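Trainee: Got a minute to go through this one with me? I'd like to start with the aromatic rings.

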Amino acid sequence: MSRRTWTLVVSFALVAALGLLGGFVRVPYVALGPGPTYDTLGEYGGTEVVRLEGEREQQTGGRLTMTTVSVTDDVSMFGALGLWASGRYALAPREEFYPPDKSEKDIDQENTKAFRDSQSSAEVAALRYLNYPTKVLAGEIVKGGAVDGTIEPGDRLFEVNGQKVAKADEVKAALKGTRPGQRAQVVFQRGDQPRHTAQVTLGRADDREEGLLGLVPVDRPDVPFQIKIGLHAVGGPSAGLMLALAIVDKLTPGELTGGRSIAGTGEIDPEGRVSAIGGIPFKMAAAKEAGAEVFLTPAANCTEAKSRTPDGLRLVKVSSLAEAVKALQDLQNGRDVPGC
């Protein structure tokens, strides 16, 4: 072969090798972008996203859109460059989302649990806001702890150490001043059985002086109806605020949205406090694409959100469920609402 032919062959081989590397070699990054949206007042897969069983639902209107972030894994070199260049996606180290010490199954289970916990918190927060009663159940039981073998997950707690408990944080308060090894009385109920009174020996933790029961108390609604959430393919805790708003809307007269398309995000606790979430630029983009006019923004995310707000999307700052409800009512009545 001539020098020119040889040069062409080598160049072609290098281009082909680069193409193969770029198309097939995976990079240690994931691509983050706008994810699917779900109208919590609507349906998903033919099932209501929020459904009341045993209670009449009030008429609703408009949309309360829950937003998510998509995480694309197994990205090639060229694929990563293309996603990044589109301006719609961002790249992040894969280990931030898939730690090397955890399997993908472990991570999926954690995300699923976080979403289930957000559902429970949304239910409790919404019903507390509407002044419905709540109750305290035993959640996780610590193996070898004080109540292990006596109390089971799902048992209802009535009294701890002589004090009545109606909220989860009252369980810890009831143990204030106790010491490990001290005996304490717990009144509980399993299912429809009569109440039981048990004497247990409190355990020890390195970071606490008080004695421990060895259980995680959880708040649950104490109402004669059930709230069903018809979403199963979503992970993470940030759906709480929009689920809670949908529950409030379905239990109260009038349309909370005023017929508008409202989107938002925010983790919520049983007390109704709204905390920061991740990926808010992508969630705002998803909201805009879903036709939202207003985006309910956790106060702690406002600084980041206002620098990346899509045109035509109005940010409303909220730090609690009560603030979110009031903001939506004020929007309907033409009053000022807090922005970012």
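Mentor: Sure, rule up front: rings of Phe, Tyr and Trp (its six-membered ring) pair if their centres lie within 6.5 Å, and planes under 30 degrees apart count as stacked, over 60 as edge-to-face and the rest as tilted. By that rule there are two aromatic pairs. In Y38 and Y44 the ring centres are 5.3 Å apart and the planes sit at 80°, so this pair is edge-to-face.

Trainee: Hang on, what kind of model is this, and what gets counted?

Mentor: This is a predicted model, where local features need pLDDT of at least 70 and side-chain atom pairs count only at pLDDT 80 or more, while totals for chains, interfaces and linings use all residues. Residues are numbered from 1 along each chain as its sequence is written, and side-chain values use heavy atoms, with hydrogens and water left out.

Trainee: OK. Is Y38 buried or exposed?

Mentor: Y38 is buried, at 10% relative accessible area; buried means under 20%, exposed over 50%, and partly exposed in between, with a 1.4 Å probe and protein chains only. Y44 is partly exposed at 36%.

Trainee: And which residues pair with an angle of 80° and 5.7 Å centre to centre?

Mentor: Y132 and F225, also edge-to-face. Y132 is in the loop between α3 (104-129) and β7 (134-141), and F225 is in the loop between β14 (215-221) and β15 (226-229), so the pair ties together parts 93 residues apart in sequence. Those labels are DSSP runs numbered from the N terminus: helices are H or I with at least four residues, strands E with at least two. Y132 is partly exposed at 25%, whereas F225 is buried at 7%.

Trainee: Switching topic: what does T65 touch?

Mentor: With contact meaning heavy atoms within 4.5 Å, T65 touches T37, Y38, D39, M242, I262, A263 and G264, leaving out residues up to four places away in sequence. T65 belongs to strand β5 (residues 63-72) and is buried at 1%.

Trainee: Last one, the core. Which residues of the largest one touch the most other members?

Mentor: A nonpolar core is a set of buried Ala, Val, Leu, Ile, Met, Phe, Trp, Tyr and Cys residues joined through side-chain atoms within 4.5 Å. The largest has 43 residues, and L241, L245, L296 and L321 touch the most other members.

Trainee: Which element gives the most to it?

Mentor: α5, with nine residues. There's also a second, separate core of 20 residues, including V136, I141, V165 and L202.
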